[in-house]
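Biologist: Please show the model, and let us discuss its architecture in turn.

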Amino acid sequence: MGIIWLFPGILLAAWVQVTALGGFGLLGARPNLVLVGILAAALVRGPVGALMLSTFAATLMAAVSAAPGPLWFLAYLPAGLAAAIPEGALNRQNPVVVVFLALGTALLFDLVFFVGLSAAGWRLDVEPPLGARLLLDGIFNGLLIIPAVWLVRRLAAPTPAYR
Amino acid sequence: MRPPAGRVILLAALFSLAVGLTQPFWGSQANGVAWGRLWDIVLPGTSAITDFVEPAAGILTGLGRIQELEEEARQLRAEVDRLRGELTRLREVEEENQRLRELLGAKRRNPNFQFALADVIGREPAPFVEAVIVNKGSQDGIEPGMVVVGAAGLLGKVVKVSAGTARVLLLTDPSSAVAARIQRSDAREITGLVVGQGQGRLLMRYIAQGEPLQVGDQVVTSGLGETFPKGLAIGRVVQVRRLDVEPFQEAVIEPAVALGRLENVLIITNFRPPRLD
């Protein structure tokens, strides 16, 4: 199946993120389904497809969010680019590496917002301390990434070039 | 030698007639009592037979009606499911009714304002931002800066609007700040600035050290700065933080509106903060 299926998938994830997951939060942290989806797409389909998906997701989220729109494009970018790291430098078949990639991209996502919102004049003396919150966000995404990669493989694994 | 059949039939008919004609007189006779006794003996036996036969007959009848009974059970289960759904819907309607009554109360308490009722349809997906998405937008006359209230008090203000939706930055967002005062019956004016702390918490800052602040004091908007109308409930003081070395004391405020369970809000449409540009 093609990457086209991932677009409605991301739309669904965004909808769940805004509605059902909106009220959920552990010390302010919550799973980031859209980010996990983009990272899973990057790992399965490569950076080009993932960047298309991240642009689509950022457009969706910027439209619904009170936060400045450009932050969404910047925040999803690292996940989209995760697959651009050469395979030799990072073994993306290793589940531990995948989990750490999810954790890392979640941290970068939050940092982009923290820095971006602060630069835009938002006052952000957040509780609990920033480090704990970033870690929790990362753990949520680290737990979700393996099932997400499995799902994306089922939906949109690339067709082999040989038969 | 066999008697002729016609004569036997005649005798039997006469006997039956005789018995029939004398029957009304049996009740007063000992004979009648004996017949009654006979039934007393026979009837319990009859009942035992009936007790045995009737269930068996019922089972046989039931076997014959099994398809009909299955259909009836299926219909009853469907009816129970439908009624359960109806009950859930009615509970939902009752809760909504309650919420709307409360909002109507807020409307009556503030007769000078015009309100637009909106449903909360989503929550802010960005980290560090506490906002909700409501189903009223520019096509309903909603503009950025409009003040949003719940049944019990101030909620926040509209920060971004699209045609059919608006984003409401909650009071508890760390970037929110409202000029506030303590509501007291005495003439004393205790003022400060209520700022969001995230996670549904509020803090009142810049309260002069000497002011007699107490747990339970009600906090309302002061109207200073004209960003929010005067007198809207913000919450109540649950903790006072006082340090002698600090020039100001602080108070932890419990929001008047339960921000975690927001479903309907009121947007004040005839109060606009002054534009700074």
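The exchange below treats the fold of each chain and the packing of the core.

Modeller: This is a predicted model, in which local features need pLDDT of at least 70, side-chain atom pairs count only at pLDDT 80 or more, and totals for chains, interfaces and linings use all residues. Residues are numbered from 1 along each chain as its sequence is written, chains are lettered from A and ligands numbered from 1 in the order in which they are written, and side-chain values use heavy atoms, without hydrogens and water.

Biologist: How many helices does chain A have?

Modeller: Helices (H or I, at least four residues) and strands (E, at least two) are DSSP runs, numbered from the N terminus. Along the sequence, chain A reads α-α-α-α-α-α. Its strands number zero and its helices six.

Biologist: Which element gives the most to the largest nonpolar core?

Modeller: Such a core is a set of buried (under 20% relative accessible area, 1.4 Å probe, protein chains only) Ala, Val, Leu, Ile, Met, Phe, Trp, Tyr and Cys residues joined through side-chain atoms within 4.5 Å. This one has 51 residues, and A:Trp72 and B:Val129 are among those that touch the most other members. Elements giving two or more residues include α1 (6-18) of chain A and β2 (131-134) of chain B. With nine residues, the greatest contributor is α2(A).

Biologist: In β8(B), which residue is the bridge partner of B:Leu193?

Modeller: A closed barrel of six strands in chain B runs β6-β7-β8-β11-β10-β9, with antiparallel pairing (at least two DSSP bridges between two strands). Within chain B, β7 (residues 190-196) and β8 (residues 202-208) pair in the antiparallel sense over four bridges. In β8(B), the partner of B:Leu193 is B:Arg205.

How values were computed. Buried means under 20% relative accessible area, exposed over 50%, partly exposed in between (1.4 Å probe, protein chains only).
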